[in-house]
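Here are some short exercises to work through with the model open in your viewer. Try each one before you read its solution.

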Amino acid sequence: QVQLAESGGGLVQAGGSLRLSCAASGGTFSSYIMGWFRQAPGKEREFVAGIRGGSTYLVDSVKGRFTIVRDNVRNTLFLQMNSLKPEDTAVYYCAAKTRGIVVSRSASEYDYWGQGTRVTVSS
């Protein structure tokens, strides 16, 4: 059983930065495709970023501002968020995809989820 625990969320002004962390335990972290999703109030959960090996994938709305990185020694996934905007406000979740080799943007293809960490960006 894989357990994921996010941290690092908070309140920040527009233009500021936050770094989210996702600590993994109970599985083979290095073999998983990992993703960050977010869910804003009243909206569906959406894919933000994913990583497989050394390859990273970001949605257009965060390209140039967010970076996804993994540390396979510490079994930790990170999301560095710079130049934050009010529209980035959401609960952010990390997720592990244990099957296949494709970084999917579909939440249904991820097997394990963290509890989420809230990010609020004020204007």
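**Exercise 1.** Decide whether D88 is buried or exposed, and find its salt-bridge partner.

*Solution.* This is a predicted model, so start from the computed accessibility. The cut-off for buried is under 20% relative accessible area. D88 has 1% relative accessibility, so D88 counts as buried. Next, look for the partner: D88 forms a salt bridge with R65, with 2.7 Å between the closest N and O atoms. The two residues lie 23 residues apart, D88 in the loop between strand 8 and strand 9, R65 in the loop between strand 6 and strand 7. R65 is buried too, at 9% relative accessible area.

**Exercise 2.** Which residues does the salt-bridge network join?

*Solution.* Begin with R38 and E46, whose side chains meet in a salt bridge at 2.7 Å, N to O. R38 is buried at 6%, while E46 is partly exposed at 36%. Then add the pair from the previous exercise: through shared partners, R38, E46, R65 and D88 form one network.

**Exercise 3.** Work out which strands stand at the edges of the open sheet.

*Solution.* First write down the strand order, 1-3-8-7, with antiparallel pairing. Strand 1 (3–7) and strand 7 (66–71) each have a single partner strand, so they stand at the edges, with one side lacking a neighbour in the sheet. From one strand to the next, the twist averages 15°. Now check a pair inside this order: strand 3 and strand 8 are joined by six bridges, and L18 has M81 as its bridge partner.

Definitions and conventions:
Residues numbered from 1 in each chain as written. Predicted model: local features only at pLDDT ≥ 70, side-chain atom pairs only at ≥ 80, totals over all residues. Heavy atoms only, no water. Pairing = 2+ DSSP bridges. Helix = DSSP H or I, 4+ residues; strand = E, 2+ residues; numbered from the N terminus. Axes fitted to C-alpha atoms, helices over the stretch in contact; angles between N-to-C directions. Salt bridge = Lys/Arg side-chain N within 4 Å of Asp/Glu carboxyl O. Buried < 20%, exposed > 50% of the residue type's maximum accessible area, 1.4 Å probe, protein only.
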